[in-house]
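Reader: I would like a close look at a single part of this model, with its surroundings described in some detail. Please take one region and stay with it.

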Amino acid sequence: MPDGCVCNVSIMGEGQRDILTAAILNGDHVRVGTEDHPFDHHGNLVTTHELVQETAQMAQALGRPLATLRQARRMIGL
């Protein structure tokens, strides 16, 4: 991607965890929600906040810091 460009990844399907992991490791932003693929990495049907929690834990385990609410708002211009 060109310098200064922001990349956001959203994926549907069973490969979701692999693609999200690659995006996190690449420094990209990720998006999850039950409208995309309502299953956790064990195949259990879960809520959006459970998917967000799982993805946040994965990012932290990979050494990627999470944005604070203030930082996230600044990133999207609010």
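Which element gives the largest share of the lining of the second largest pocket?

Author: The model is a predicted one. The element in question is helix H2, which supplies 4 residues to the lining of the second largest pocket. Helix H2 spans residues 48–61, and the account below follows this helix and the two pockets that it helps to line.

The second largest pocket comes first. Its volume is about 180 Å³. The lining consists of 14 residues, and those nearest the centre are Gln 16, Arg 17, Phe 39, Asp 40 and His 41. Two elements, helix H1 (16–26) and H2, each give two or more residues to this lining. By class, the residues of the lining of the second largest pocket divide into 5 nonpolar, 5 polar and 4 charged.

Gln 16, one of the residues nearest the centre of that pocket, is found in helix H1. Gln 16 counts as buried because its relative accessibility is 7%, and the cut-off for buried is under 20%. Apart from neighbours within four places in sequence, the contacts of Gln 16 are Ile 11, Val 32 and His 37.

On the H2 side, Glu 54 deserves attention. Its place is in helix H2. With neighbours within four places in sequence left aside, Glu 54 is in contact with Arg 17, Asp 40 and His 41. Those three residues are also among the ones that lie nearest the centre of the second largest pocket. Glu 54 is buried, yet it has no salt bridge. The nearest side chain of opposite charge is that of Arg 17, at 4.2 Å. A salt bridge requires a side-chain nitrogen of Lys or Arg within 4 Å of a carboxyl oxygen of Asp or Glu, so the 4.2 Å between Glu 54 and Arg 17 does not qualify.

Two other positions of the helix can be set beside Glu 54. Thr 48 lies in helix H2 and is partly exposed, because its relative accessible area is 31%. Leaving out residues within four places in sequence, Thr 48 is in contact with Val 32, Gly 33, Thr 34 and Glu 35. Val 32 is also a contact of Gln 16. The C-alpha atoms of Thr 48 and Asp 36 are 9.7 Å apart, and 12 residues separate the two along the chain.

Ala 59 is likewise in helix H2. Ala 59 is classed as buried because its relative accessible area is 5%. Not counting residues up to four places away in sequence, Ala 59 touches Ile 24, Arg 64 and Leu 66. Between Ala 59 and Asn 26, which are 33 residues apart along the chain, the C-alpha separation is 11 Å.

Leu 66, a contact of Ala 59, leads to the other pocket. The largest pocket has a volume of about 670 Å³. Its lining has 20 residues, and the closest to its centre are His 29, Val 30, Leu 66, Ala 67 and Ala 72. Strand S2 (29–31), H2 and helix H3 (69–75) are the elements that give two or more residues to this lining. H2 gives the most to the largest pocket, with 4 residues. The lining of the largest pocket is made up of 13 nonpolar, 4 polar and 3 charged residues.

To return to the question, H2 gives the largest share of the lining of the second largest pocket, and H2 also gives the most to the lining of the largest pocket.

Terms used: Residues numbered from 1 in each chain as written. Predicted model: local features only at pLDDT ≥ 70, side-chain atom pairs only at ≥ 80, totals over all residues. Heavy atoms only, no water. Buried < 20%, exposed > 50% of the residue type's maximum accessible area, 1.4 Å probe, protein only. Lys, Arg positive; Asp, Glu negative; His and termini not counted. Contact = heavy atoms within 4.5 Å. 1 Å grid on protein atoms, 1.4 Å probe; cavity = no way out; pocket = protein on both sides within 12 Å on 5 of 7 lines; lining within 4 Å. Points joined across faces, edges and corners; volume = space filled by probe spheres on them. Nonpolar A, V, L, I, M, F, W, Y, C, P; charged D, E, K, R; others polar.
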